[in-house]
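Open the model in a viewer and set it to cartoon. The stops below are meant to be selected in turn.

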Amino acid sequence: MANPSPTSEITHDFPPLLRIHKNGTVERLLGTQTVPASLTDPKTAVQSKDVPYSTTNPDLVARLYLPKRTKPNQKLPLLIYYHGGGFVIETAFSPTYHNHLNALVDEANVIAVSVDYRRAPETPLPVAYEDCWAALKWAGSHSDGAGPEEWLNDHADFGSVFLAGDSAGANIVHQMGIRYGREKIEGLPRLAGLVLVHPYFAGKEPVDDDEAAQVPDWWERFWLLACPTSTAGLDDPYLNPAFEPDLARLGCSSVLVMVAEKDFLRARGKHYCELLKGSGWEGEVELVEAEGEQHVFHLWNAGCENAAVLVKKICSFINSSN
């Protein structure tokens with residue numbers, strides 16, 4: 001959309017993320033920069049390229065990553081990554097996520113698919129979930145070695161598939177795991193594990209005193225901006241796993257949940273672990289907390305020691321679970 005007039009009336013204001021103007025203009029304040037894919041990342045030498053994952057919508061694109069030390073026909077664990085941003089900002093092509101995926105792919109020695117999906121408010125939920133499911137099915141279509149993308153045909157180990165994401169992307173990971181438990185996907189015999197980093201979950205009733213004191217008063221309005229058809233608000237099953245009837249059917253055997261001490265979503269991440277344990281789900285869940293850190297600190301302060309620890313933990317989880 002065109003840039004808003006300086007005098008344009010603002011109808012929704014969620015600093016520092018975005019504003020919506022009365023004329024319908026969506027003014028994103030963060031996550032607007034993009035960088036191109038690269039044949040060789042200068043720091044890690046990881047290769048990347050952009051490919052469409054939908055046969056009906058050419059605008060739906062994923063960024064693929066392949067580590068430098070990959071040998072011909074060598075099979076690697078497959079990581080499907082969903083970016084965060086509250087369902088309203090960021091893309092798979094931002095420098096933040098491009099650099100993060102380069103680091104993850106290099107450290108873990110995996111092939112990765114970083115999924116771009118349509119964002120609210122222009123395209124409200126559940127469209128993002130449908131896009132992400134379509135990307136997962138597209139990835140699975142390569143399991144016989146005859147899919148449209150040669151990197152996946154040649155190098156993806158479809159017996160070792162992991163889903164990962166941060167914030168809203170971690171919410172998507174959960175939703176994909178639930179749906180996979182219900183439906184399965186041809187070509188994906190199993191999901192080896194899920195990684196939820198600082199997951200975006202919520203609920204009308206706080207789960208502890210810390211959450212009660214920290215949750216912003218605009219939290220439900222922000223959710224309804226992404227999912228205006230929600231009738232349950234913060235207790236929508238998309239947002240509150242306590243109201244997910246199929247939680248016990250989560251379609252994997254191993255889950256890693258990562259939280260940050262100073263993140264107001266910390267309590268929800270910990271609560272998610274307890275819900276899984278009490279649901280009848282037969283897998284194993286591990287909780288890791290970064291002391292003294294804020295929400296998605298590893299993205300905006302990627303050079304800090306705790307960010308390196310976080311990346312190493314994800315890599316360890318992948319390589320010990322496949």
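The tour goes from the annotated region to the sheet, then to its strands and two helices.

The model is a predicted one.

**Stop 1: residues 79-298.** Select this range, which the unreviewed UniProt entry annotates as "domain: Alpha/beta hydrolase fold-3". Over residues 79-298 the chain is 36% helix and 18% strand. Mark the C-alpha atoms at the two ends of the range: they are 18 Å apart.

**Stop 2: the sheet.** Now colour the eight strands of the open sheet, whose order is β4-β5-β7-β6-β8-β9-β10-β11. Pairing in this sheet is mixed. Go to the edges, where β4 (47-52) and β11 (284-290) stand. Each has a single partner strand, so one side of each is left without a neighbour in the sheet. Looking along the sheet, the twist from one strand to the next averages 20°.

**Stop 3: β7.** Select residues 111-115, strand β7. Is this strand mostly covered or uncovered? It is mostly covered, with five of its five residues buried. Show the side chains: Ile-111, Val-113 and Val-115 lie on one side, Ala-112 and Ser-114 on the other, and all are buried.

**Stop 4: the neighbours of β7.** Add strand β5 (residues 61-66), which pairs with β7 in the antiparallel sense over four bridges. Then add strand β6 (residues 76-82), which runs parallel to β7 and is joined to β7 by five bridges. Which residue of β7 is the bridge partner of Tyr-82? It is Val-115, and Val-115 is also the bridge partner of Ala-62.

**Stop 5: helix α1.** Trace the chain onward from β6 through helix α1 (residues 95-108) to β7; this β-α-β crossover is right-handed. With α1 selected, see which strands lie beneath: the helix lies across β4, β5, β6, β7 and β8 (156-166). Relative to β5, α1 runs at about 35°.

**Stop 6: helix α4.** Select residues 168-183 for helix α4, which lies across β6, β8 and β9. Its direction is at about 135° to β8.

**Stop 7: β9 and β10.** Finish with strand β9 (residues 193-197) and strand β10 (residues 254-260), a parallel pair with four bridges. To find one of the bridged positions, label Val-195 and its partner in β10, Leu-256.

Methods. Residues are numbered from 1 along each chain as its sequence is written. This is a predicted model: local features need pLDDT of at least 70, side-chain atom pairs count only at pLDDT 80 or more; totals for chains, interfaces and linings use all residues. Side-chain values use heavy atoms; hydrogens and water are left out. UniProt positions are given in the numbering used here, feature names are shortened, and annotations may be inferred rather than shown by experiment. Buried means under 20% relative accessible area, exposed over 50%, partly exposed in between (1.4 Å probe, protein chains only). Two strands pair if DSSP finds at least two bridges between them. A crossover is right-handed if, with the strands pointing away from the viewer, the path from the first strand over the helix to the second runs clockwise. Axes are lines fitted to C-alpha atoms, for helices over the stretch in contact, and angles run from 0 to 180 degrees between N-to-C directions. Contact means heavy atoms within 4.5 Å.
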